[in-house]
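Welcome to this short tour. Please open your viewer, keep the selection tool handy, and follow along stop by stop.

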Amino acid sequence: MYIKKLLIVVFLSTTISPVFSDAVIFQTDFNELPDNWFATDNWEFGPDGAVTGFSYWQGYWFADMLTSNGDTEFTYFVPDGTDSILVTIPYYLGVEVFDGSAYFSILMQASGSGWTEIWSESVIWYEWLFETATINVSPDWISGGEWISIRFKGWGGSEEYSNVHWEIQGLTITAIGDSLALDNSTWAEIKSISGWE
């Protein structure tokens, strides 16, 4: 009996600790547009993620993608007990702008706040930018018990040749907190493994 209790304690200490420290709210590689999202026609989805941009001599470009299907403004629930969230976004941005400009912005909102910018880049008048990076940001105005949305916007234009290529290669939103609760299915699995009724 003592050995059984010891094994259960070891099992719980190795399996529960990560659950209480973080929980993935949402994750995608953007191989396709996620359910209940909206995107303008100039986004494409595939093995490189969500990709948008333009390459021409003259004109205007606008791309928008967000967690909304038009029926609901907020899409993902932040679990009670969340102290903070971590938003992780790997991306590639390649921009050459001559007589013009290009702007890139990622915004988030919670049910208790409006859209707030969490990342941005801009290239103006004969500038260029080529970068591969991962955004890791913790919006400090978002807490447990709220609903959240995220938005990716790009816009710009040019009078001469310009080239813009923006890849959003993934998105993970993680809740972090010491008091995140286990759901009923997790407790059922623990009881099943232990042989408790």
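What share of the 197 residues in the protein is buried? Buried residues make up 43% of them. Keep in mind as you look around that this is a predicted model.

**Stop 1: the whole chain.** Show everything as a cartoon. You should find 2 helices and 13 strands. Now switch to a surface view: about 10,600 Å² is exposed, with carbon and sulfur atoms supplying 54% of that area. Of the contacts with a separation of 6 or more, 78% are between residues 24 or more positions apart.

**Stop 2: colour by confidence.** The mean pLDDT is 81, and 77% of the residues reach 70 or more. Select strand 3 (residues 44-46), which has the highest mean pLDDT among the elements, 97. Then select helix 2 (residues 184-194), where the mean is the lowest, 35. Next, pick residues 1-20: the pLDDT there is below 50, and the stretch has 17 contacts beyond near neighbours in sequence. Residues 182-197 also have pLDDT below 50, with 15 such contacts in the model. Where pLDDT is low, the predicted coordinates should not be read in detail.

**Stop 3: a salt bridge.** Select Arg151 and Asp64 and show their side chains. They meet in a salt bridge, at 2.6 Å from N to O. Are these two residues buried or exposed? Both Arg151 and Asp64 are buried. Arg151 belongs to strand 11 (residues 147-158) and Asp64 to strand 5 (residues 59-66), so the pair ties together parts that are 87 residues apart in sequence.

**Stop 4: Ser105.** Stay with Arg151 for a moment, and add Ser105, which is in contact with Arg151. You will find Ser105 in strand 8 (residues 100-110). Because its relative accessible area is 3%, under the 20% cut-off, Ser105 counts as buried. Which side chain makes a polar contact with the side chain of Ser105? That partner is Glu117, at 2.9 Å. Beyond its neighbours within four places in sequence, Ser105 has further contacts, including Trp119, Phe152, Trp155 and Trp166.

**Stop 5: out to the surface.** Finally, select Phe98, Ile124, Trp125 and Tyr126. Together they make a nonpolar surface patch of about 400 Å². Zoom in on Tyr126, in the loop between strand 9 (116-124) and strand 10 (127-137). Tyr126 is partly exposed, with a relative accessible area of 46%.

Definitions and conventions
Residues are numbered from 1 along each chain as its sequence is written. This is a predicted model: local features need pLDDT of at least 70, side-chain atom pairs count only at pLDDT 80 or more; totals for chains, interfaces and linings use all residues. Side-chain values use heavy atoms; hydrogens and water are left out. Patches are made of residues with over 30% relative accessible area and no salt bridge: like charges are joined within 9 Å, nonpolar side chains (Val, Leu, Ile, Met, Phe, Trp, Tyr) within 5 Å. Accessible areas come from the Shrake-Rupley method with a 1.4 Å probe; for residues, only the protein chains shown count as cover. A salt bridge is a side-chain nitrogen of Lys or Arg within 4 Å of a carboxyl oxygen of Asp or Glu. Helices (H or I, at least four residues) and strands (E, at least two) are DSSP runs, numbered from the N terminus. Buried means under 20% relative accessible area, exposed over 50%, partly exposed in between (1.4 Å probe, protein chains only). Contact means heavy atoms within 4.5 Å. pLDDT is the predictor's confidence in each residue, from 0 to 100. A polar contact is a pair of N or O atoms within 3.5 Å; within protein, one must be able to donate a hydrogen and the other to accept it, and residues adjacent in sequence count only if both atoms are side-chain atoms.
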